[in-house]
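This report describes how helices and strands are arranged in the model shown below.

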Amino acid sequence: MVVWRALLLVYGSIALPGDFTHRLEAGEIAAGLDSFVRFPELAAELSEGEVAVTFEVARPVRPLDSLTAMDEGMRWPSPDDTRPELTRLARPGSWDSIFVLWPQGNLATGAHVATGG
């Protein structure tokens, strides 16, 4: 059996200077966490038991304050944008995957950051 180690960074807020600012509601964070905790079971099921996923969740206290440009005006939280947390929590080789939960859009106003994922 292969054990896959994952880290989930949960940014509760985003503050892009002059562009987009938003804070996730507690229910939105809870829904994201609920979805993520189902990932190990899904991986085991899809791999017919050959993969086990272990994970940790970290909640940075700072807002996400930068995003990296992608094609067609889209942006994403790259390793450069999450560097303070990666330096503190993710020494090279400590995780197989790093996931980021971040405020991509304000459901009440429709304001959002275009992203590919």
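Helix α1 lies across β1, β4 and β7 and runs at about 175 degrees to β1. Packing on the sheet as well, α2 touches β4 and β7, and its direction makes about 165 degrees with that of β4. Contact means heavy atoms within 4.5 Å; axes are lines fitted to C-alpha atoms, for helices over the stretch in contact, with angles from 0 to 180 degrees between N-to-C directions.

The model is predicted: local features need pLDDT of at least 70, side-chain atom pairs count only at pLDDT 80 or more, and totals for chains, interfaces and linings use all residues. Residues are numbered from 1 along each chain as its sequence is written, and side-chain values use heavy atoms, with hydrogens and water left out.

Helices (H or I, at least four residues) and strands (E, at least two) are DSSP runs, numbered from the N terminus. Helix α1 has 12 residues and reaches 16 Å from its first C-alpha to its last. Its residues I29, L33 and F36 are buried (under 20% relative accessible area, 1.4 Å probe, protein chains only). Seen down the axis of α1, the buried residues fall within an arc of 60 degrees, so they line one face of the helix. They pack against the elements tabulated here.

| Element | Residues |
|---|---|
| β1 | 2-10 |
| α2 | 39-46 |
| β4 | 51-58 |
| β7 | 97-101 |

The open sheet has the order β4-β1-β7 with parallel pairing, where pairing requires at least two DSSP bridges between two strands. β4 and β7 stand at the edges with a single partner strand each, so one side of each is left without a neighbour in the sheet. The twist averages 25 degrees from one strand to the next. β1 and β4 pair over eight bridges.

Definitions and conventions:
Expected span 1.5 Å × (residues − 1). Buried < 20%, exposed > 50% of the residue type's maximum accessible area, 1.4 Å probe, protein only. Arc of directions from axis to C-beta.
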